[in-house]
Amino acid sequence: MNESMKQRHRVVVIGSGFGGLFATKALKDAPVDVTIIAKTNHHLFQPLLYQVATGILSEGSIAPPTREILRGQINAEVHLGEVIDIDIKSKTVTSWTPSGTLNDPYDSLIVAAGSTQSYFGNNYFAEHAPGLKSIDDALELRGRILSAFEFAEIETEPDAVEPWLTFVVVGAGPTGVEMAGQIAELAHRTLREDYRRIDPEQARVVLLDGASTVLATFGDRLAAKATKRLKQLGVDVQLGAMVVHIDEHGIEIKDPDGSVRRIESRTKVWAAGVAASPLAKHLANQAGLDVDRLGRVPVEDDCSLPSFPEVFVIGDMMDAGVPGVAQVAMQSGKHVAKIIAARAAGRDVHLPFKYVDKGSMATISRFAAVASVGRFRFSGFIAWLMWLVIHLLYLIGFKQRVTTLLHWTISFVGGGRAERAITRQQVVARRALDTLTPAQSGRPDRVRFPRR
Ligand SMILES: Cc1cc2nc3c(=O)[nH]c(=O)nc-3n(C[C@H](O)[C@H](O)[C@H](O)COP(=O)(O)OP(=O)(O)OC[C@H]3O[C@@H](n4cnc5c(N)ncnc54)[C@H](O)[C@@H]3O)c2cc1C
């Protein structure tokens with residue numbers, strides 16, 4: 001066969017998050033053709049989702065279209081679709097779109113489908129306590145949070161006002177701390193003068209966790225600083241508190257002494273747990289492997305699936321002794337791209353993946369954050385400035401950086417929030433869609449996707 005007739009090495013990438021996008025970009029100059037398949041048309045900067053949920057940022061600021069990001073990369077195609085099957089024996093990925101299923105054969109596969117919310121087996125919690133993993137989640141939460149103030153304002157029964165003005169965030173990791181801090185600032189600062197009958201400053205924000213500390217992975221010193229700052233903001237931090245039931249009107253909690261109590265609250269946010277995409281189990285089943293307790297699939301030291309060197313699992317889906325953070329996804333994405341590029345160029349390489357920990361940070365409120373970088377610990381304004389610069393640097397897209405900076409100026413220097421519009425669709429339509437069976441939605445259900 002002459003050289004020009006030889007088919008180029010086909011790479012299929014599942015997911016346009018940190019792992020999938022960085023892998024695709026790193027293949028720009030490789031002799032390969034890349035098809036990136038994702039169920040959203042955008043790359044999502046998840047670390048700022050809580051700011052969409054609390055009216056600081058618009059969804060477009062943190063979710064640039066994947067197609068636009070890859071406009072200049074001629075060896076990459078973008079397909080919108082939900083992957084419903086991966087056949088690692090016949091090397092084919094099947095995805096579902098409303099107009100039918102698509103089959104994409106591959107020579108190399110990168111699976112970067114991330115993780116979903118985990119309710120630790122209590123999936124019915126989801127209806128009353130949405131998590132925060134997608135733009136849909138953030139807009140639904142924004143709708144619920146802002147609607148709660150509206151319903152409190154028009155409530156005629158005095159006892160019914162308090163549950164509307166009580167916000168419970170479950171999970172005191174970075175996302176929970178950030179959500180609780182921002183709901184407190186929204187209520188106590190932004191909305192302070194906007195209502196006639198209620199006083200938003202009286203809103204109660206409760207942050208619950210079954211553990212004995214907030215921000216457990218940041219160490220005792222930063223956890224103590226974060227707790228102090230949360231309390232200054234008026235957040236009621238309740239630790240050792242296990243959620244045992246959630247319904248429309250409230251939440252039930254089991255305390256360390258075994259007693260169960262109830263908080264009446266109309267607005268609950270779930271920030272307590274994650275589980276790998278169900279595609280991880282789908283791959284593990286075919287490869288004869290077990291997933292770990294987070295649903296992640298074990299991988300070889302180069303991120304490939306054992307016995308399937310052409311299949312790579314990266315980011316939140318891989319069980320490789322590394323945390324589920326953006327840096328792991330980006331670094332593992334670039335790493336597997338390097339291996340694929342070398343193989344496509346005819347070199348057989350084996351490169352073990354080495355994660356470089358660049359630190360972690362969480363904001364608590366405007367001008368207050370905590371950061372852990374190597375041996376160093378930062379808190380307060382310095383940590384907040386570091387957070388601001390790093391997030392701006394990693395945010396993808398010039399337009400997104402400019403609009404984010406503008407919105408931050410409005411919110412942090414002034415007290416306003418530019419994104420307070422909510423629609424009925426945002427609050428209720430998704431729940432209606434999610435209750436559709438596969439037959440009603442037209443989507444075959446080959447992988448068991450969680451339904452809410
Ligand atoms: C609210 C929140 C805040 C966070 N804050 C931080 C932080 O401050 N710092 C930090 O380092 N990390 C943070 N993280 C974690 C970080 O975002 C993840 O570790 C990272 O996004 C993982 O990258 P990934 O590529 O594995 O998955 P993701 O970025 O989640 O991407 C998954 C992709 O797969 C697609 N997908 C999923 N299933 C399918 C399917 N069946 N078919 C097609 N496409 C599919 C999705 O649409 C998406 O494009 C945060 C996460 C959340 C949710």
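**Reading sheets, helices and a ligand shell**

Me: I see strand β18 (residues 304-305) and β19 paired in the antiparallel sense over two bridges. How many residues lie between β18 and β19 in the hairpin?

Reply: Let's begin there, keeping in mind that this is a predicted model. Two residues separate β18 from β19 in the hairpin, and Ser 307 in the turn has a positive phi of about 75 degrees. Within the pairing, Ser 304 has Phe 312 of β19 as its bridge partner.

Me: Which strand joins β19 through three bridges?

Reply: That is strand β7 (residues 108-111), which runs parallel to strand β19 (residues 308-313). Phe 312 turns up again here, as the bridge partner of Ile 110. Phe 312 is thus a useful residue to click on: β19 has an antiparallel pairing with β18 and a parallel one with β7.

Me: How should I read a strand within a sheet, and in what order do the strands of the three-stranded open sheet come?

Reply: Here is the general idea: in a regular strand the side chains alternate between the two faces of the sheet. In this structure, the open sheet of three strands has the order β4-β5-β6, with antiparallel pairing. β4 and β6 (100-105) are its edge strands, each pairing on one side only. Neighbouring strands are turned against each other by 25 degrees on average, direction ignored. For a register check, β5 (residues 92-97) is joined to β6 by six bridges, and Thr 92 has Pro 105 in β6 as its partner.

Me: What is the strand order in the open sheet of four strands, and is the pairing parallel or antiparallel?

Reply: The order is β11-β10-β9-β15, and the pairing is parallel. β11 (235-239) and β15 (267-270) are at the edges with a single partner strand each, so one side of each has no neighbour in the sheet. From one strand to the next, the twist averages 20 degrees. Between β10 (residues 204-209) and β11 there are five bridges, with Val 205 opposite Val 235. Helix α9 (residues 220-232) packs on this sheet and touches β10 and β11, its direction making about 135 degrees with that of β11.

Me: Now for helix pairs. At roughly what angle do the axes of α1 and α11 cross?

Reply: They cross at roughly 35 degrees, coming within 7 Å, and the crossing is right-handed. On the α1 side, the contact includes Phe 18, Phe 22 and Ala 26, while α11 gives residues including Ala 329, Met 330 and Val 336. By class, this contact has nine nonpolar, four polar and two charged residues.

Me: Where does the ligand lie with respect to domain 1 and domain 2, and why?

Reply: Start with the assignment: domain 1 takes in 3-39 + 81-117 + 275-344, and domain 2 takes in 123-272 + 366-426. Their C-alpha centres are 33 Å apart. Both domains give residues to the shell around the ligand, so the ligand lies between them.

Me: Which residues come nearest to the ligand?

Reply: Of the 32 residues around the ligand, Gly 15, Gly 17, Gly 19, Gly 114 and Gly 315 come nearest. Elements giving two or more residues to the shell are α1 (18-26), β2 (32-38), β4 (82-87), α8 (174-190) and α11 (326-344). The shell's make-up is 15 nonpolar, 13 polar and four charged residues. Notice some familiar names: α1 and α11, the crossing pair from before, both appear in that list, and so does β4, an edge strand of the three-stranded sheet.

Technical notes
Residues numbered from 1 in each chain as written. Predicted model: local features only at pLDDT ≥ 70, side-chain atom pairs only at ≥ 80, totals over all residues. Near = placed C-beta within 6 Å. Nonpolar A, V, L, I, M, F, W, Y, C, P; charged D, E, K, R; others polar. Domains from an automatic or database assignment. Pairing = 2+ DSSP bridges. Axes fitted to C-alpha atoms, helices over the stretch in contact; angles between N-to-C directions. Left-handed = near helix turned anticlockwise from the far one by under 90°. Contact = placed C-beta atoms within 7 Å.
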